Amino acid sequence: MSPFNAWLILRGLATLPLGFPVLLTVVATAGVALGARHGRVLLVFAALAAGVMLGPTLGSPEGPAMPFAALVELPMGGVLRFPIRLWPWLVLALTLAAGEGLVVIQQRLRAHPGRARLAALVVPLVVLGTLAENRVALPELGRVTVAQPTVPTYLAALPDDAVLQLLPAKEPGPAAYQY
């Protein structure tokens, strides 16, 4: 197993998007540790969302069940078919918690007379760090190439007015696709 796959913890974190906002998480956690009031609730929500985003099982289909599997079984749980749908809410919770954490950190820095200039630099440094985080940690994402799509020969032989019929799911009833 490569070090990257080992880092994915048995491929369980593979459903989390690349570029998890680590800096926001660190700032939000520091703010909570320093006394941010609402940041605790936001961090708990973000942790729960990340747990749900791991998918129905950890690692392989035979792996231990995760919270997503239970959520899908609830009434109206099918609305959350794809765990990635929680990603914007996770980032929003982390951003709000990091904002409150920045306020607490700035208040602590301004309380010391010699650190007032540092307090003015905290927000721009965190914003720049958050924007540069993915480019530094995952430089291969900046080199995405798009290949020209090719039409398979069996489809190229069809007439232009042909209609392709999609096959139904193997089981009767609505298909429950997870990924």
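Let me begin with helix H5, residues 87-110, which gives three residues to a nonpolar surface patch, the largest share of that patch. The structure on the screen is a predicted model, so please keep that in mind throughout. The patch covers about 420 Å² and is made by Phe45, Trp89, Leu92 and Leu96.

Phe45 belongs to helix H3, residues 39-52. Is Phe45 buried, partly exposed or exposed? Its relative accessibility is 38%, and therefore Phe45 counts as partly exposed. The limits are under 20% for buried and over 50% for exposed, with partly exposed in between.

Now the chain as a whole. It has seven helices and zero strands. Reading from the N terminus, the order of elements is α-α-α-α-α-α-α. The chain has 179 residues, and 25% of them count as buried.

Next, the inside. In soluble globular proteins, nonpolar side chains tend to be buried together. In this model, the largest nonpolar core has 24 residues. Val27, Leu43, Leu90, Leu94 and Val122 are the ones with the most contacts inside that core. Which elements give two or more residues to it? They are helix H2 (22-33), H3, H5 and helix H6 (116-137). H5 provides nine residues, the largest share of this core. To put the two parts together, H5 has the largest share of the nonpolar patch and also the largest share of the core.

Let me stay with H2 for a moment. This helix has 12 residues, and from its first C-alpha to its last it reaches 16 Å, close to the 16 Å expected at 1.5 Å a residue. Which residues of H2 are buried? They are Leu24, Val27, Ala28, Gly31 and Val32. These residues cover an arc of only 135° around the axis, so they are on the same side of H2.

Take Val32, one of the residues in helix H2. Its relative accessible area is 14%, so Val32 is buried. Along the chain, Val32 and Leu42 are 10 residues apart, and their C-alpha atoms are separated by 9.9 Å.

Finally, two loop residues. Met53 is in the loop between H3 and helix H4 (67-73). Is Met53 buried or exposed? The relative accessibility of Met53 is 0%, and therefore Met53 counts as buried. Its C-alpha atom is separated by 8.3 Å from that of Arg85, and the two residues are 32 residues apart along the chain.

The other one is Ile84, in the loop between H4 and H5. Why does Ile84 count as partly exposed? Because its relative accessibility is 40%, and the partly exposed class runs between the limits of 20% and 50%. Ile84 and Leu54 are 30 residues apart along the chain, with 8.9 Å between their C-alpha atoms.

To close, here are the points to keep. The chain has seven helices and zero strands. Its largest nonpolar core has 24 residues, and nine of them come from H5. On the surface, Phe45, Trp89, Leu92 and Leu96 make the nonpolar patch.

Key
Residues are numbered from 1 along each chain as its sequence is written. This is a predicted model: local features need pLDDT of at least 70, side-chain atom pairs count only at pLDDT 80 or more; totals for chains, interfaces and linings use all residues. Side-chain values use heavy atoms; hydrogens and water are left out. Patches are made of residues with over 30% relative accessible area and no salt bridge: like charges are joined within 9 Å, nonpolar side chains (Val, Leu, Ile, Met, Phe, Trp, Tyr) within 5 Å. Accessible areas come from the Shrake-Rupley method with a 1.4 Å probe; for residues, only the protein chains shown count as cover. A salt bridge is a side-chain nitrogen of Lys or Arg within 4 Å of a carboxyl oxygen of Asp or Glu. Helices (H or I, at least four residues) and strands (E, at least two) are DSSP runs, numbered from the N terminus. Buried means under 20% relative accessible area, exposed over 50%, partly exposed in between (1.4 Å probe, protein chains only). A nonpolar core is a set of buried Ala, Val, Leu, Ile, Met, Phe, Trp, Tyr and Cys residues joined through side-chain atoms within 4.5 Å. The expected span of a helix is 1.5 Å times one less than its number of residues. The arc is that of the directions from the helix axis to the C-beta atoms.
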